[in-house]
Amino acid sequence: MSTSALETVPVGGPTLPQERRLVTAIPGPASQALLERKAAAVSAGVGHTVPIEAVAAGGGVVVDADGNSLIDLGSGIAVTTVGNAHPAVVAAVQAQVAQFTHTCFMISPYESYVGVAEALNRLTPGSHAKKSALFNSGAEAVENAVKIARKHTGRSAVVAFDHAYHGRTNLTMALTAKSMPYKSGFGPFAGEVYRAPVSYPFRDGLSGPEAAARAISQIEKQVGADNLAAVIIEPILGEGGFIVPAEGFLAELVDWCRANGVVFIADEVQTGFARTGAMFASELFGIVPDLITTAKGIAGGLPLAAVTGRAEIMDASHLGGLGGTYGGNPIACAAALATIESFEQEDMARRADHIGGVLRGRLEAIQARDPRLGDIRGRGAMVAAEFVDPETGAPDAALATTVAKACIAEGVIVLTCGTYGNVMRFLPPLSIGDDLLHEAMDILDQELTAAEAGTAPTLAGDDAPRPDAD
Ligand SMILES: *Cc1c(COP(=O)(O)O)cnc(C)c1O
């Protein structure tokens, strides 16, 4: 960023004016200049969804270098759940960064890492003895959960599900279902990964127990419980389309795993930390996973991830088998402790439920007169609309893309997802005000009408296909 731009940068956090404000087309000239530098300097493989240069964020808005203020319904993919530049997180980070920035926990341990582990052991479902280990990213947490499960069981196979998303590293690409854009051309992938059918009530029409029986039968026939170290699943599937499994599906899978000595891993990287109206989505389904992976919302925007679970499983590794140079970095841990305290003190789970109520109410009202919204689903502040052809029920990805781009052009940050690319997902920070939520839904309503009339605005200079977010 240039010096002149620096002088005009507004301070982020909740004091930022909470308004949608468009002073240029999106992207404006300053943003366009950065995107040109990006195209020249940054690998073409790294996409972006919202063509702006972000300079500040907080409450429920993101401000760009041209002075536009966009309503944030994405939270940087479910990360700034507590709010962007939350004052408690800022203070904790500032204090820690002045104290020390790194020792490597494997060299010289420090208190905040242990404090985060204690908090995770206390907050995750189940009253059994638990332990945690900290890492840098969701994918790294998933990799380590699989390592731990294999070491504990002495078995090697892992089952993941249709529509799953678990990351972009080699093992997590293998676990992830969707080829484009996550896997195509990047193989060969890690071995001993098998895929089972998930419960997708809108599309399979099966009850939870029926869908569980289908998955378990396939696992028994194609893998065999004796070979299986772990089953890994997102309690609500994220990138794959915010799919909420039918009641009973997860509980029956957990029972089967327990009866067969298989480690049940809940990947709560996207669903964790008050997002779904509970601290962890597993609670909504009454399940107690053996291991839980967390990241995204854990530290108010700083990179941190964790594996938490049954002490006897977490202790399966030999000394020195787990770790990493930066895992549980002290600045990220300080941010996580402040974030977790804010979740608890500010009763963020209730706020997530309230936000979900507002979004679902508005979306269901639109759905009542617009059959292109085939399904409205989600829990808490993790809400999605699946767009379909009203005649056939076939996924309508073009509509989702058109409406998402039009919303962004009108100053509302929305993300899409889904195996078929036809799902619009809403993940606002829990610090957003109701007025902004309603305004964003007004824009969505307007752009759905515009899309039907073929008059939806597009993003200037945007002719590349819209890259999926995670
Ligand atoms: C985002 C995500 C990951 C990967 O997390 P990174 O921090 O991007 O590595 C893994 N699992 C789920 C469910 C996710 O949503």
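**Exercise 1. Which polar backbone atom is 2.7 Å from an oxygen atom of the ligand?**

*Solution.* The model is predicted, so local features require pLDDT of at least 70 and side-chain atom pairs pLDDT 80 or more, whereas totals for chains, interfaces and linings use all residues. Residues are numbered from 1 along each chain as its sequence is written, and side-chain values use heavy atoms, with hydrogens and water left out.

Step 1. The backbone atom belongs to G138, at 2.7 Å from a ligand oxygen. A polar contact is a pair of N or O atoms within 3.5 Å; within protein, one must be able to donate a hydrogen and the other to accept it, and residues adjacent in sequence count only if both atoms are side-chain atoms.

Step 2. Side chains contribute as well: a polar atom of D267 lies 2.7 Å from a ligand nitrogen, and one of Q270 lies 2.9 Å from a ligand oxygen. Of the 390 Å² that the ligand exposes when taken alone, the protein buries 86% (accessible areas by the Shrake-Rupley method with a 1.4 Å probe).

**Exercise 2. Describe the shell around the ligand.**

*Solution.* Step 1. The surrounding residues are S137, G138, A139, Y165, H166, E234, D267, V269, Q270, K296 and D470, where a residue qualifies if one of its heavy atoms lies within 4 Å of the ligand.

Step 2. By class, the shell has 3 nonpolar, 4 polar and 4 charged residues. Ala, Val, Leu, Ile, Met, Phe, Trp, Tyr, Cys and Pro count as nonpolar, Asp, Glu, Lys and Arg as charged, and the others, Gly among them, as polar.

**Exercise 3. Characterise the surroundings of S199 and N260.**

*Solution.* Step 1. S199 sits in the loop between β6 (193-196) and α8 (201-204), and N260 in the loop between α10 (249-259) and β8 (263-267). Helices (H or I, at least four residues) and strands (E, at least two) are DSSP runs, numbered from the N terminus.

Step 2. With a relative accessible area of 0%, S199 is buried; N260, at 24%, is partly exposed. Buried means under 20%, exposed over 50%, and partly exposed in between (1.4 Å probe, protein chains only).

Step 3. The S199 side chain reaches the backbone nitrogen of A246 at 2.8 Å, while that of N260 reaches the backbone oxygen of W256 at 2.7 Å.

Step 4. Beyond four places in sequence, S199 touches D204, A211, I243, P245, A246 and F249, and N260 is in contact with R155 and A225. Contact means heavy atoms within 4.5 Å.
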